[in-house]
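Colleague: Could you walk me through the side-chain contacts here, with the cut-offs spelled out as we go?

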Amino acid sequence: MLQCIKVEEDNEMGKVKFLREPGYIYDLFFLFTLKFNKEYCLTNFINYDKSSDDTDYFNKLLNDFPPISDELLLFFYLTDDKKSFMTKFYFEPYKEQFVSETYNIMKIQDALSNYEQVVENIIRFYFRDIDEDTLEKCKTSMSAVNKLIKESDYNGDIKSALYSFFIEPAPIIRRLSYELMEKDFALNQKYDNYSKQIDGLKESFDLESLSNGLKNDKNQIIEMECFKNVFISFCMFNKNCVKSFFYDKSTLILLGIDYCDVINYLAIQNRLPDLEAFGNAISESNRIEILDLLLKKDEITIKDLEQEFGFTGTNAYYHLSLMIKAGMLKTRNRGRTVLYSINKNYFQILCNMLGKYYKE
(Lines give C-alpha, C1' and ligand atoms only; values in the text may rest on other atoms or scores of the structure.)
Protein backbone atom coordinates (compact mmCIF):
# COMPACT_ATOMS: atom_id res chain seq x y z
CA MET A 1 0.00 0.00 0.00
CA LEU A 2 1.33 3.43 -0.91
CA GLN A 3 1.68 5.91 1.91
CA CYS A 4 -0.15 9.24 1.88
CA ILE A 5 1.92 11.76 -0.07
CA LYS A 6 2.42 14.94 1.87
CA VAL A 7 3.25 18.00 -0.19
CA GLU A 8 2.72 21.49 1.08
CA GLU A 9 2.87 24.71 -0.88
CA ASP A 10 2.53 28.24 0.43
CA ASN A 11 0.02 30.30 -1.50
CA GLU A 12 -1.58 33.72 -1.15
CA MET A 13 -4.94 32.05 -0.63
CA GLY A 14 -3.63 29.59 1.91
CA LYS A 15 -1.57 26.46 2.20
CA VAL A 16 -2.08 23.68 -0.34
CA LYS A 17 -1.63 20.09 0.79
CA PHE A 18 -2.02 17.01 -1.37
CA LEU A 19 -3.68 13.90 0.08
CA ARG A 20 -3.85 10.46 -1.46
CA GLU A 21 -6.56 8.48 0.32
CA PRO A 22 -9.79 10.48 -0.22
CA GLY A 23 -9.40 10.53 -4.01
CA TYR A 24 -8.11 6.96 -4.04
CA ILE A 25 -11.09 5.58 -2.07
CA TYR A 26 -13.48 7.66 -4.16
CA ASP A 27 -11.93 6.02 -7.24
CA LEU A 28 -12.33 2.59 -5.65
CA PHE A 29 -16.02 3.18 -4.98
CA PHE A 30 -16.45 4.64 -8.46
CA LEU A 31 -15.48 1.33 -10.09
CA PHE A 32 -18.42 -0.34 -8.36
CA THR A 33 -20.72 2.62 -8.99
CA LEU A 34 -19.97 2.46 -12.71
CA LYS A 35 -20.76 -1.25 -12.78
CA PHE A 36 -24.28 -0.81 -11.36
CA ASN A 37 -25.21 2.64 -12.72
CA LYS A 38 -23.59 2.71 -16.13
CA GLU A 39 -26.26 4.65 -18.02
CA TYR A 40 -26.39 7.30 -15.32
CA CYS A 41 -22.58 7.60 -15.28
CA LEU A 42 -22.42 7.87 -19.07
CA THR A 43 -24.96 10.68 -18.94
CA ASN A 44 -23.76 12.64 -15.93
CA PHE A 45 -20.06 11.91 -15.45
CA ILE A 46 -18.76 12.64 -18.94
CA ASN A 47 -17.45 15.87 -20.42
CA TYR A 48 -19.74 16.54 -23.38
CA ASP A 49 -16.94 18.38 -25.17
CA LYS A 50 -15.28 14.97 -25.36
CA SER A 51 -18.38 12.81 -25.20
CA SER A 52 -17.17 10.16 -27.65
CA ASP A 53 -13.79 9.73 -25.94
CA ASP A 54 -15.27 9.75 -22.45
CA THR A 55 -18.02 7.31 -23.36
CA ASP A 56 -15.48 4.93 -24.84
CA TYR A 57 -13.24 5.36 -21.78
CA PHE A 58 -15.95 4.55 -19.23
CA ASN A 59 -17.29 1.68 -21.32
CA LYS A 60 -13.87 0.03 -21.25
CA LEU A 61 -12.71 1.03 -17.76
CA LEU A 62 -13.98 -2.01 -15.88
CA ASN A 63 -12.22 -4.35 -18.31
CA ASP A 64 -8.95 -3.48 -16.54
CA PHE A 65 -10.18 -4.77 -13.19
CA PRO A 66 -11.45 -8.11 -11.83
CA PRO A 67 -15.20 -8.70 -12.42
CA ILE A 68 -17.62 -7.27 -9.87
CA SER A 69 -20.25 -9.58 -8.41
CA ASP A 70 -23.88 -8.76 -9.21
CA GLU A 71 -24.88 -9.46 -5.60
CA LEU A 72 -23.15 -6.22 -4.52
CA LEU A 73 -25.82 -4.10 -6.25
CA LEU A 74 -27.36 -2.87 -2.97
CA PHE A 75 -24.12 -1.31 -1.80
CA PHE A 76 -23.51 0.87 -4.87
CA TYR A 77 -26.95 1.48 -6.41
CA LEU A 78 -27.57 5.22 -6.83
CA THR A 79 -30.89 6.27 -5.34
CA ASP A 80 -32.79 9.44 -6.21
CA ASP A 81 -30.41 11.63 -4.19
CA LYS A 82 -27.51 10.40 -6.38
CA LYS A 83 -25.78 8.65 -3.48
CA SER A 84 -24.94 5.01 -2.94
CA PHE A 85 -25.08 3.15 0.35
CA MET A 86 -21.27 3.00 0.56
CA THR A 87 -20.84 6.71 -0.11
CA LYS A 88 -23.49 7.68 2.43
CA PHE A 89 -22.28 5.45 5.28
CA TYR A 90 -18.62 4.67 4.59
CA PHE A 91 -17.26 7.76 2.85
CA GLU A 92 -19.01 11.03 3.70
CA PRO A 93 -19.32 10.38 7.48
CA TYR A 94 -15.52 10.08 7.63
CA LYS A 95 -14.80 13.47 6.08
CA GLU A 96 -13.18 14.79 9.27
CA GLN A 97 -10.67 11.94 9.02
CA PHE A 98 -9.81 12.78 5.40
CA VAL A 99 -7.68 15.75 6.36
CA SER A 100 -6.18 14.09 9.44
CA GLU A 101 -5.05 11.26 7.12
CA THR A 102 -6.55 8.48 9.24
CA TYR A 103 -9.11 7.35 6.64
CA ASN A 104 -8.12 4.37 4.48
CA ILE A 105 -9.36 1.03 3.17
CA MET A 106 -8.65 -0.68 6.50
CA LYS A 107 -10.96 1.78 8.26
CA ILE A 108 -13.73 0.75 5.86
CA GLN A 109 -13.04 -2.95 6.31
CA ASP A 110 -13.14 -2.60 10.09
CA ALA A 111 -16.51 -0.86 9.88
CA LEU A 112 -17.91 -3.54 7.56
CA SER A 113 -16.91 -6.26 10.01
CA ASN A 114 -19.75 -5.08 12.25
CA TYR A 115 -22.46 -7.01 10.43
CA GLU A 116 -25.30 -5.85 12.68
CA GLN A 117 -24.45 -2.23 11.97
CA VAL A 118 -24.26 -2.88 8.23
CA VAL A 119 -27.73 -4.45 8.32
CA GLU A 120 -29.10 -1.48 10.25
CA ASN A 121 -27.48 0.91 7.78
CA ILE A 122 -29.04 -0.92 4.83
CA ILE A 123 -32.47 -0.59 6.45
CA ARG A 124 -31.94 3.12 7.10
CA PHE A 125 -30.69 3.69 3.56
CA TYR A 126 -33.46 1.92 1.65
CA PHE A 127 -36.35 2.71 4.01
CA ARG A 128 -35.55 6.22 5.17
CA ASP A 129 -38.90 7.21 6.59
CA ILE A 130 -39.40 4.33 9.01
CA ASP A 131 -39.59 5.01 12.75
CA GLU A 132 -37.24 3.52 15.31
CA ASP A 133 -39.74 0.86 16.46
CA THR A 134 -40.11 -0.45 12.91
CA LEU A 135 -36.36 -0.37 12.48
CA GLU A 136 -35.86 -2.55 15.53
CA LYS A 137 -38.48 -5.04 14.30
CA CYS A 138 -36.80 -5.24 10.90
CA LYS A 139 -33.48 -6.13 12.52
CA THR A 140 -34.97 -9.32 13.97
CA SER A 141 -38.09 -10.09 11.91
CA MET A 142 -37.94 -11.19 8.29
CA SER A 143 -41.68 -10.69 7.94
CA ALA A 144 -41.33 -7.02 8.93
CA VAL A 145 -38.60 -6.56 6.33
CA ASN A 146 -40.63 -8.39 3.69
CA LYS A 147 -43.54 -6.03 4.26
CA LEU A 148 -41.33 -2.98 3.74
CA ILE A 149 -39.78 -4.41 0.59
CA LYS A 150 -43.15 -5.41 -0.87
CA GLU A 151 -44.66 -1.96 -0.25
CA SER A 152 -41.65 -0.07 -1.58
CA ASP A 153 -41.43 1.56 -5.02
CA TYR A 154 -38.12 -0.06 -5.89
CA ASN A 155 -37.73 -1.96 -9.14
CA GLY A 156 -37.59 -5.74 -9.31
CA ASP A 157 -33.79 -5.93 -9.26
CA ILE A 158 -33.54 -3.94 -6.03
CA LYS A 159 -36.38 -5.82 -4.35
CA SER A 160 -34.79 -9.14 -5.27
CA ALA A 161 -31.42 -7.95 -3.94
CA LEU A 162 -33.02 -6.79 -0.69
CA TYR A 163 -34.78 -10.13 -0.17
CA SER A 164 -31.52 -12.00 -0.75
CA PHE A 165 -29.56 -9.75 1.56
CA PHE A 166 -31.92 -10.00 4.54
CA ILE A 167 -32.28 -13.78 4.24
CA GLU A 168 -28.56 -14.19 4.90
CA PRO A 169 -26.61 -10.90 5.09
CA ALA A 170 -23.26 -12.20 6.38
CA PRO A 171 -22.07 -13.93 3.16
CA ILE A 172 -22.96 -10.88 1.06
CA ILE A 173 -21.14 -8.51 3.42
CA ARG A 174 -18.12 -10.83 3.34
CA ARG A 175 -18.29 -10.78 -0.46
CA LEU A 176 -18.26 -6.97 -0.36
CA SER A 177 -15.21 -6.94 1.91
CA TYR A 178 -13.39 -9.43 -0.29
CA GLU A 179 -14.09 -7.58 -3.53
CA LEU A 180 -13.11 -4.23 -2.02
CA MET A 181 -9.80 -5.83 -1.02
CA GLU A 182 -9.39 -7.41 -4.48
CA LYS A 183 -10.10 -4.16 -6.36
CA ASP A 184 -7.97 -2.20 -3.88
CA PHE A 185 -5.01 -4.41 -4.78
CA ALA A 186 -5.58 -3.90 -8.53
CA LEU A 187 -6.21 -0.17 -8.14
CA ASN A 188 -3.11 0.28 -6.02
CA GLN A 189 -1.00 -1.24 -8.78
CA LYS A 190 -2.58 1.14 -11.29
CA TYR A 191 -1.76 4.09 -9.05
CA ASP A 192 1.86 2.91 -8.90
CA ASN A 193 1.94 2.94 -12.70
CA TYR A 194 0.48 6.46 -12.77
CA SER A 195 2.81 7.87 -10.10
CA LYS A 196 4.64 10.13 -12.59
CA GLN A 197 1.35 11.51 -13.88
CA ILE A 198 0.20 12.22 -10.32
CA ASP A 199 3.49 13.99 -9.59
CA GLY A 200 2.99 16.03 -12.76
CA LEU A 201 -0.48 17.07 -11.64
CA LYS A 202 0.93 18.29 -8.35
CA GLU A 203 3.78 20.18 -9.96
CA SER A 204 1.50 21.95 -12.42
CA PHE A 205 -1.29 22.62 -9.92
CA ASP A 206 -2.30 26.29 -9.73
CA LEU A 207 -4.68 27.15 -6.90
CA GLU A 208 -5.51 30.56 -8.32
CA SER A 209 -6.53 29.08 -11.67
CA LEU A 210 -8.66 26.46 -9.91
CA SER A 211 -10.27 29.15 -7.77
CA ASN A 212 -11.11 31.29 -10.81
CA GLY A 213 -12.51 28.29 -12.63
CA LEU A 214 -14.74 27.20 -9.77
CA LYS A 215 -16.14 30.71 -9.43
CA ASN A 216 -17.62 30.24 -12.89
CA ASP A 217 -19.50 27.11 -11.85
CA LYS A 218 -22.94 28.20 -10.66
CA ASN A 219 -23.50 24.77 -9.12
CA GLN A 220 -20.39 24.83 -6.95
CA ILE A 221 -19.07 28.31 -6.18
CA ILE A 222 -16.01 28.14 -3.94
CA GLU A 223 -14.26 31.24 -2.65
CA MET A 224 -10.74 29.97 -1.97
CA GLU A 225 -9.80 33.18 -0.20
CA CYS A 226 -11.98 32.10 2.73
CA PHE A 227 -9.85 29.07 3.57
CA LYS A 228 -6.65 28.92 5.53
CA ASN A 229 -5.84 25.45 4.17
CA VAL A 230 -6.77 23.82 0.87
CA PHE A 231 -6.46 20.04 0.57
CA ILE A 232 -6.34 18.47 -2.89
CA SER A 233 -6.80 14.77 -3.66
CA PHE A 234 -6.66 13.43 -7.20
CA CYS A 235 -8.84 10.70 -8.74
CA MET A 236 -7.15 8.81 -11.55
CA PHE A 237 -10.17 6.92 -12.93
CA ASN A 238 -13.17 9.06 -12.02
CA LYS A 239 -11.39 11.50 -14.27
CA ASN A 240 -14.04 14.22 -14.51
CA CYS A 241 -14.62 14.44 -10.77
CA VAL A 242 -14.85 17.83 -9.07
CA LYS A 243 -16.20 17.42 -5.54
CA SER A 244 -15.73 19.54 -2.43
CA PHE A 245 -15.85 19.04 1.33
CA PHE A 246 -15.90 21.98 3.70
CA TYR A 247 -14.47 22.36 7.18
CA ASP A 248 -14.14 25.28 9.58
CA LYS A 249 -11.24 27.05 7.90
CA SER A 250 -10.32 24.46 5.28
CA THR A 251 -11.66 22.75 2.19
CA LEU A 252 -10.88 19.44 0.54
CA ILE A 253 -11.40 19.17 -3.21
CA LEU A 254 -11.38 15.87 -5.08
CA LEU A 255 -10.17 16.40 -8.64
CA GLY A 256 -10.18 13.93 -11.51
CA ILE A 257 -7.14 14.02 -13.75
CA ASP A 258 -9.16 15.87 -16.45
CA TYR A 259 -10.50 18.45 -14.01
CA CYS A 260 -9.18 21.42 -16.02
CA ASP A 261 -11.18 20.39 -19.09
CA VAL A 262 -14.27 19.78 -16.93
CA ILE A 263 -14.08 23.19 -15.26
CA ASN A 264 -13.65 24.90 -18.64
CA TYR A 265 -16.63 22.98 -19.99
CA LEU A 266 -18.81 23.93 -17.02
CA ALA A 267 -17.81 27.57 -17.38
CA ILE A 268 -18.91 27.50 -21.02
CA GLN A 269 -22.21 25.85 -20.09
CA ASN A 270 -22.97 28.60 -17.59
CA ARG A 271 -22.67 31.30 -20.23
CA LEU A 272 -25.41 32.32 -22.63
CA PRO A 273 -26.55 29.67 -25.11
CA ASP A 274 -24.13 29.11 -27.98
CA LEU A 275 -26.06 29.74 -31.20
CA GLU A 276 -23.62 27.65 -33.24
CA ALA A 277 -24.00 24.70 -30.86
CA PHE A 278 -27.77 25.15 -30.98
CA GLY A 279 -27.69 25.18 -34.78
CA ASN A 280 -25.62 22.02 -34.92
CA ALA A 281 -27.92 20.27 -32.46
CA ILE A 282 -31.13 21.28 -34.24
CA SER A 283 -29.86 20.71 -37.78
CA GLU A 284 -30.77 17.03 -37.83
CA SER A 285 -34.42 16.04 -38.28
CA ASN A 286 -34.22 13.22 -35.75
CA ARG A 287 -33.37 15.69 -33.00
CA ILE A 288 -36.33 17.88 -33.90
CA GLU A 289 -38.53 14.80 -33.62
CA ILE A 290 -37.00 14.09 -30.22
CA LEU A 291 -37.94 17.60 -29.06
CA ASP A 292 -41.48 17.11 -30.36
CA LEU A 293 -41.71 13.80 -28.51
CA LEU A 294 -40.55 15.53 -25.34
CA LEU A 295 -43.33 18.09 -25.73
CA LYS A 296 -45.83 15.24 -25.67
CA LYS A 297 -44.28 13.10 -22.93
CA ASP A 298 -42.37 15.65 -20.79
CA GLU A 299 -39.72 13.01 -20.08
CA ILE A 300 -38.25 10.18 -22.13
CA THR A 301 -35.65 7.43 -21.81
CA ILE A 302 -33.25 5.92 -24.31
CA LYS A 303 -35.59 2.94 -24.55
CA ASP A 304 -38.43 5.30 -25.53
CA LEU A 305 -36.37 6.49 -28.51
CA GLU A 306 -35.53 2.92 -29.48
CA GLN A 307 -39.22 2.02 -29.52
CA GLU A 308 -40.52 5.25 -31.06
CA PHE A 309 -37.96 5.77 -33.83
CA GLY A 310 -36.21 2.42 -34.14
CA PHE A 311 -32.90 3.86 -32.96
CA THR A 312 -30.17 1.67 -31.59
CA GLY A 313 -29.16 2.51 -28.02
CA THR A 314 -25.89 3.99 -29.30
CA ASN A 315 -27.66 6.16 -31.88
CA ALA A 316 -30.21 7.40 -29.34
CA TYR A 317 -27.43 8.24 -26.90
CA TYR A 318 -25.52 10.10 -29.64
CA HIS A 319 -28.47 12.40 -30.38
CA LEU A 320 -29.23 13.03 -26.71
CA SER A 321 -25.59 13.77 -25.85
CA LEU A 322 -25.40 16.45 -28.57
CA MET A 323 -28.58 18.05 -27.28
CA ILE A 324 -27.31 17.96 -23.69
CA LYS A 325 -24.01 19.49 -24.77
CA ALA A 326 -25.89 22.36 -26.42
CA GLY A 327 -27.83 22.85 -23.18
CA MET A 328 -31.32 22.21 -24.53
CA LEU A 329 -31.94 19.08 -22.43
CA LYS A 330 -31.57 18.23 -18.77
CA THR A 331 -31.55 14.89 -16.99
CA ARG A 332 -32.63 13.31 -13.74
CA ASN A 333 -32.21 9.84 -12.31
CA ARG A 334 -35.10 7.53 -11.37
CA GLY A 335 -33.47 4.49 -9.91
CA ARG A 336 -31.13 3.16 -12.60
CA THR A 337 -33.05 4.91 -15.38
CA VAL A 338 -32.00 8.29 -16.79
CA LEU A 339 -34.90 10.55 -17.77
CA TYR A 340 -34.40 13.34 -20.32
CA SER A 341 -36.50 16.50 -20.49
CA ILE A 342 -36.48 19.90 -22.18
CA ASN A 343 -34.42 22.59 -20.45
CA LYS A 344 -37.10 25.29 -20.63
CA ASN A 345 -34.83 27.93 -19.12
CA TYR A 346 -32.39 27.39 -21.99
CA PHE A 347 -35.07 28.03 -24.62
CA GLN A 348 -36.37 31.07 -22.76
CA ILE A 349 -32.89 32.61 -22.74
CA LEU A 350 -32.44 31.59 -26.37
CA CYS A 351 -35.66 33.37 -27.36
CA ASN A 352 -34.48 36.52 -25.60
CA MET A 353 -31.17 36.32 -27.43
CA LEU A 354 -32.85 35.86 -30.82
CA GLY A 355 -35.20 38.73 -30.07
CA LYS A 356 -32.64 41.28 -31.23
CA TYR A 357 -33.03 39.98 -34.79
CA TYR A 358 -36.70 40.88 -35.05
CA LYS A 359 -36.88 43.96 -32.85
CA GLU A 360 -36.72 47.29 -34.62
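Modeller: Happily, and I will start with exposure: buried means under 20% relative accessible area, exposed means over 50%, and partly exposed lies in between, with a 1.4 Å probe and protein chains only. This is a predicted model, where local features need pLDDT of at least 70, side-chain atom pairs count only at pLDDT 80 or more, and totals for chains, interfaces and linings use all residues. Residues are numbered from 1 along each chain as its sequence is written, and side-chain values use heavy atoms, with hydrogens and water left out.

Colleague: Thanks! How many salt bridges does the structure hold?

Modeller: A salt bridge here is a side-chain nitrogen of Lys or Arg within 4 Å of a carboxyl oxygen of Asp or Glu. By that criterion, the number of salt bridges in the structure is 19.

Colleague: Which residue meets the side chain of Lys-35 in a salt bridge?

Modeller: Lys-35 is partly exposed, at 29% relative accessibility, while its partner is exposed, with a relative accessible area of 57%. The pair links distant parts of the chain, 35 residues apart: Lys-35 is in helix H1 (residues 21-36), and the partner is in the loop between helix H3 (51-61) and helix H4 (73-76). Helices are DSSP runs of H or I with at least four residues, strands are runs of E with at least two, and both are numbered from the N terminus. The N to O distance is 3.0 Å, and the partner is Asp-70.

Colleague: Are Glu-21 and Arg-20 buried or exposed?

Modeller: These two form a salt bridge, with the closest N and O atoms 2.7 Å apart. Glu-21 has a relative accessible area of 6%, and Arg-20 has 5% relative accessibility. Since the limit is under 20%, Glu-21 and Arg-20 both count as buried.

Colleague: In which helix do Arg-124 and Glu-120 lie?

Modeller: The closest N and O atoms of their salt bridge are 3.1 Å apart. Arg-124 is partly exposed at 32%, whereas Glu-120 is buried at 14%. They sit four residues apart, about one turn of the helix, and that helix is H8 (residues 115-126).

Colleague: Which residues are linked in a network of salt bridges?

Modeller: Both Lys and Asp residues take part in this network. The names to look for are Lys-50, Asp-54, Lys-239, Asp-258 and Asp-261.

Colleague: What is the length of the polar contact between the side chains of Asn-44 and Thr-331?

Modeller: Asn-44 is in helix H2 (residues 38-44) and is partly exposed at 31%. Asn-44 and Thr-331 are 287 residues apart in sequence, yet 8.2 Å apart in space, C-alpha to C-alpha. A polar contact is a pair of N or O atoms within 3.5 Å; within protein, one must be able to donate a hydrogen and the other to accept it, and residues adjacent in sequence count only if both atoms are side-chain atoms. The polar contact joining these side chains is 3.2 Å.

Colleague: Leaving aside neighbours within four places in sequence, which residues is Gln-197 in contact with?

Modeller: Gln-197 is in helix H13 (residues 195-204) and is partly exposed at 37%. Gln-197 and Ile-257 are 60 residues apart in sequence and 8.9 Å apart in space, C-alpha to C-alpha. Contact means heavy atoms within 4.5 Å, and the residues in contact with Gln-197 are Met-236 and Ile-257.
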